[in-house]
Amino acid sequence: MPEVTVNIYSRTYRLAVSTGEEGLIQQCAELVDKQMKAIREGGKVINQDQIAVLAALEVAYEAQKKAEKLAFEETQCVATKDAEIESLKARIRELEARPVVQPAGSGNASPDAALLREIEKLSKQCEEAIFTDIRKTGLF
């Protein structure tokens, strides 16, 4: 398991990390260090333990705000795609309910080619909307 050395608030820490996570841990340490220094420079808190707790709270608060914003945006995106899919399905039902037009002078029942092309086009749009939604939500 790889190790990374980080500096937080003038102290050095050696941490064992998962492979490939070294850069992320370094960025997180820099964020915590920056937050602790900002709290200390504010002058209202001197105790190092309090500074560390307040910095952790601030970092967690910002992360939670971002997570909630992303979840809200994802919910809106899914709702928009669901509405689009329902609209396309309604259009397909409408087209499928149309009477079949038979060519003049023909005894054979053959469907209207233009109608079939439109239904096929709408079906493809439904599929694309569904797969776009699946890719955005990480199910695929």
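**View 1. Valine 45 and the residues it touches in this predicted model.** Start with valine 45. Setting aside neighbours within four places in sequence, valine 45 is in contact with Ile39, Arg40, Gln50, Ile51 and Leu54. Valine 45 is also a member of the largest nonpolar core, and so are Ile39 and Ile51 from that contact list.

**View 2. The largest nonpolar core, 11 residues in all.** The full roster is Val4, Val6, Ile8, Tyr9, Val17, Ala29, Met36, Ile39, Val45, Ile51 and Ala55. Three elements, β1 (3-8), α1 (22-42) and α2 (48-97), put in at least two residues each. There's another core apart from this one, with 7 residues, including Leu88, Ile92, Leu115 and Leu122.

**View 3. Strand β1, one side chain at a time.** Which side chains of β1 are buried, and which are not? They alternate: Val4, Val6 and Ile8 point to one face and are buried. Glu3, Thr5 and Asn7 point to the other face and are not buried. The buried trio, Val4, Val6 and Ile8, also turns up in the largest nonpolar core.

**View 4. The β1–β2 hairpin.** Here β1 and β2 run antiparallel and pair over 6 bridges. One pairing to look for is valine 6, whose bridge partner in β2 is tyrosine 13. Between the two strands of the hairpin sit 2 residues.

**View 5. Tyrosine 9 and serine 10 in the loop between β1 and β2.** Most residues other than glycine have a negative phi. Tyrosine 9 isn't a glycine, yet its phi is positive, at about 55°. Serine 10 isn't a glycine either, and its phi is also positive, at about 65°. Buried or exposed: how do tyrosine 9 and serine 10 come out? Tyrosine 9 has a relative accessible area of 11%, so it counts as buried, and it belongs to the largest nonpolar core. Serine 10 has a relative accessible area of 71%, so it counts as exposed.

**View 6. Arginine 11 in strand β2.** Arginine 11 is found in β2, which covers residues 11-16. Its relative accessibility is 47%, so arginine 11 counts as partly exposed. Leaving out residues up to four places away in sequence, arginine 11 touches Val6 and Gln48. For a longer reach along the chain, try aspartate 33: it lies 22 residues from arginine 11 in sequence, and their C-alpha atoms are separated by 9.6 Å.

**View 7. Cysteine 28 and cysteine 77.** A disulfide is a covalent bond between the sulfur atoms of two cysteines. How many disulfides does the count give here? The count comes to 0 with a sulfur-to-sulfur cut-off of 2.5 Å. Cysteine 28 has a relative accessible area of 39%, and cysteine 77 has one of 23%. Both values fall between the 20% and 50% limits, so cysteine 28 and cysteine 77 are each partly exposed.

**View 8. Stepping back to the protein chain.** Read along the sequence, the pattern is β-β-α-α-α, which comes to 3 helices and 2 strands. Of the 140 residues in the protein chain, 16% are buried. The protein chain exposes about 10600 Å², with carbon and sulfur atoms supplying 55% of that area. Among contacts with a separation of 6 or more, 37% are between residues 24 or more positions apart.

How values were computed
Residues are numbered from 1 along each chain as its sequence is written. This is a predicted model: local features need pLDDT of at least 70, side-chain atom pairs count only at pLDDT 80 or more; totals for chains, interfaces and linings use all residues. Side-chain values use heavy atoms; hydrogens and water are left out. Helices (H or I, at least four residues) and strands (E, at least two) are DSSP runs, numbered from the N terminus. Buried means under 20% relative accessible area, exposed over 50%, partly exposed in between (1.4 Å probe, protein chains only). Contact means heavy atoms within 4.5 Å. A nonpolar core is a set of buried Ala, Val, Leu, Ile, Met, Phe, Trp, Tyr and Cys residues joined through side-chain atoms within 4.5 Å. Two strands pair if DSSP finds at least two bridges between them. Accessible areas come from the Shrake-Rupley method with a 1.4 Å probe; for residues, only the protein chains shown count as cover.
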